[in-house]
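Welcome! Please take a moment to look over the sequence and the model before reading on.

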Amino acid sequence: MASYKVLVVDDEPGIRMGTRRILQNFKVDYPFMDEFIEYIVLEAATGEEAIEIIDSEMPDIILLDNKLPGIQGIEVLEYVKKKLYDIVVVMITSYASLELAVKATRDGAYDFIPKPFTPQELRGSLENITKQLFLKRMTQKLNKEGKLIRFQFLSVLSHELKAPLNAIEGYLNIMKEKQFGDNVDSYKDMIDRSLERISGMRGLIMDLLDLTKIESGKPTQNLQKVDITKIAGTSIDTMRPYAIQKDVDVYLNTKESVIMEADAKEIEIIFNNLISNAIKYNKQGGRVDVFIHRDDKNIRLQVSDSGIGMSEEEQSSLFQDFVRIKNPKTKNITGSGLGLSIIKKITEMYHGDIEVNSVPDQGTTFTIILPLERTAIN
Ligand SMILES: Nc1ncnc2c1ncn2[C@@H]1O[C@H](COP(=O)(O)OP(=O)(O)OP(=O)(O)O)[C@@H](O)[C@H]1O
Ligand SMILES: [Mg+2]
């Protein structure tokens, strides 16, 4: 069990004792916390006493009355601000003027609780503050350890897996209870939807495997002279059933070999993702064109489609983990939003670049530019 120190600064003993009583058995928890947080209450009757306790005890939260016998609450607030202490200050005050409220807010007061307050009001406010403070400190800690990105990644990932699992669980329970009777056919729709969700999760897991492989980096890279055209052909063959199902034609427009030093698996992952997107975000009867160009400096892998396209704004966050564009045209298309971020990570390993050209309702061209020199990771 963790605890936060709450300092109550008020010259009325009733308020101090009341606060102590209200917080005595109060605990807060939150999904990301692995333990409850409880409160240790400290008391100060004057601003001077408060400053002493702040310096010696370093509370986490201060409940601060403004009207005090000696120095005013607002001066205590200024002190905390000046010292850059990581303390959340809440003003508890019976007649806060607008002027005081503005000044206190400018000096970093987090909230106002008007006096007299009910136990619920105090608890509600402390619950919010505790979550804020916990998340802020967690963020700082993770940032320092370079783990924030990982944390965000895992939160999104668990969310992405939870939704389909909940759906499947729901359908299975309906079937278990035979809510639509004994005939299996009545459940066809649910079975189809469950299978679809399972295939979505499989896709996500495959993407994750690719990501893990990439992020573990160098040791798995197997750099050899490979024929990019041949790899594109393999990838098109892999995607063929999907293309037929979606009624999209895929053409490999480069016939000659293009040789480059690379890891064949990684190049295949690039093509698989670009071509699967080009099929997935296409129209019925649409086409996909794959080109491989080579000049003195670079090799360009290009995949063009005649699909739904993207607006400028939609293109801006495309390469981040789990980003999927939400609009009426993509509403019924499933995916995990990892494909392009995987491509980006691979491209970076080759010190390459990605270009996107897209026009809504006309189509999209992705070009991966891989420099011929320094193709290995360093
Ligand atoms: N060729 C394309 N045409 C139109 N939109 C595209 C195209 N390629 C990608 N997008 C948009 O970019 C988003 C991100 O693509 P990305 O490949 O990363 O994820 P995804 O296809 O949704 O899922 P998956 O991880 O299964 O590939 C897609 O959701 C889609 O909205
Ligand atoms: Mg994709």
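This report walks through the model part by part.

## The model and its domains

What you are looking at is a predicted model. Its chain is divided into three stretches: domain 1 covers 2-144, domain 2 covers 148-198 and domain 3 covers 218-371. If you take the centres of domain 1 and domain 2 over C-alpha atoms, 44 Å separate them.

## The six-stranded sheet

Let us begin near the start of the chain. Here six strands form an open sheet, and walking across it you meet them in the order E2-E3-E1-E4-E5-E6. The pairing in this sheet is mixed. Strand E2 (27-28) and strand E6 (111-114) are the edge strands, each pairing on one side only.

One pair to look for is strand E1 (residues 2-9) with strand E4 (residues 61-64), which run parallel and are joined by four bridges. Within that pair, Val9 stands opposite Leu64 of E4. Helix H1 (residues 13-23) lies across E1, E4 and strand E3 (37-44), and the helix runs at about 170° to E3.

## Two spots with special backbone geometry

It helps to know that most residues other than glycine have a negative phi, and most peptide bonds are trans. With that in mind, find Leu84, which is not a glycine and yet has a positive phi of about 60°. Leu84 sits in the loop between helix H3 (73-82) and strand E5 (88-93).

Further along, Lys115 and Pro116 are joined by a cis peptide bond, with omega at about -5°. Pro116 belongs to the loop that lies between E6 and helix H5 (119-144).

## The five-stranded sheet

A second open sheet has five strands, in the order E8-E10-E11-E13-E12, again with mixed pairing. Its edges are strand E8 (249-252) and E12, each of which pairs on one side only. From one strand to the next, the twist averages 10°. Two helices to look for here are H8 and H9, which pack on the sheet. Helix H8 (residues 228-245) touches E8, strand E10 (287-294) and E11, and its direction makes about 170° with that of E8. H9 touches E8, E10, E11 and E13, and its direction makes about 20° with that of E11.

Now follow strand E13 (residues 363-371). With strand E11 (residues 298-305) it runs antiparallel, and eight bridges join the two. Among the facing residues, Ile299 stands opposite Leu370 of E13, and Val303 has Phe366 as its bridge partner. Strand E12 (residues 353-359) also pairs with E13 in the antiparallel sense, over seven bridges. In this pairing Ile354 has Ile368 as its bridge partner, while Val359 stands opposite Gly363. E12 and E13 form a hairpin with three residues between them, and Asp361 in the turn has a positive phi of about 70°.

## Two helices side by side

How are two packed helices described? The angle between their axes and the distance between the axes are used. For H9 and H11, the packing angle is about 145° and the axes are 9 Å apart. Their crossing is left-handed.

H9 brings Glu266, Ile269, Ile270, Asn273, Leu274 and Asn277 to this contact, and H11 brings Gly339, Leu340, Ile342, Ile343 and Ile346. Sorted by character, the contact residues are seven nonpolar, three polar and one charged.

## Around ligand 1

Which residues are the closest to ligand 1? They are Asn277, Ile325, Gly335, Gly339 and Leu340, within a surrounding set of 24 residues. Three elements give two or more residues to this shell: helix H7 (188-216), helix H9 (264-280) and helix H11 (339-349). The shell is made up of twelve polar, nine nonpolar and three charged residues.

Some names here may look familiar from the helix pair. Asn277 of H9, together with Gly339 and Leu340 of H11, takes part in the contact between those helices, and these three residues are also among the closest to ligand 1.

Methods: Residues are numbered from 1 along each chain as its sequence is written. Chains are lettered from A and ligands numbered from 1 in the order in which they are written. This is a predicted model: local features need pLDDT of at least 70, side-chain atom pairs count only at pLDDT 80 or more; totals for chains, interfaces and linings use all residues. Two strands pair if DSSP finds at least two bridges between them. A residue is near a molecule or strand if its C-beta atom, placed from the backbone, lies within 6 Å of it. Ala, Val, Leu, Ile, Met, Phe, Trp, Tyr, Cys and Pro count as nonpolar, Asp, Glu, Lys and Arg as charged, and the others, Gly among them, as polar. Axes are lines fitted to C-alpha atoms, for helices over the stretch in contact, and angles run from 0 to 180 degrees between N-to-C directions. A crossing is left-handed if the near helix is turned anticlockwise from the far one by less than a right angle, and right-handed if clockwise. Two residues are in contact if their C-beta atoms, placed from the backbone, lie within 7 Å. Domain bounds come from an automatic or database domain assignment.
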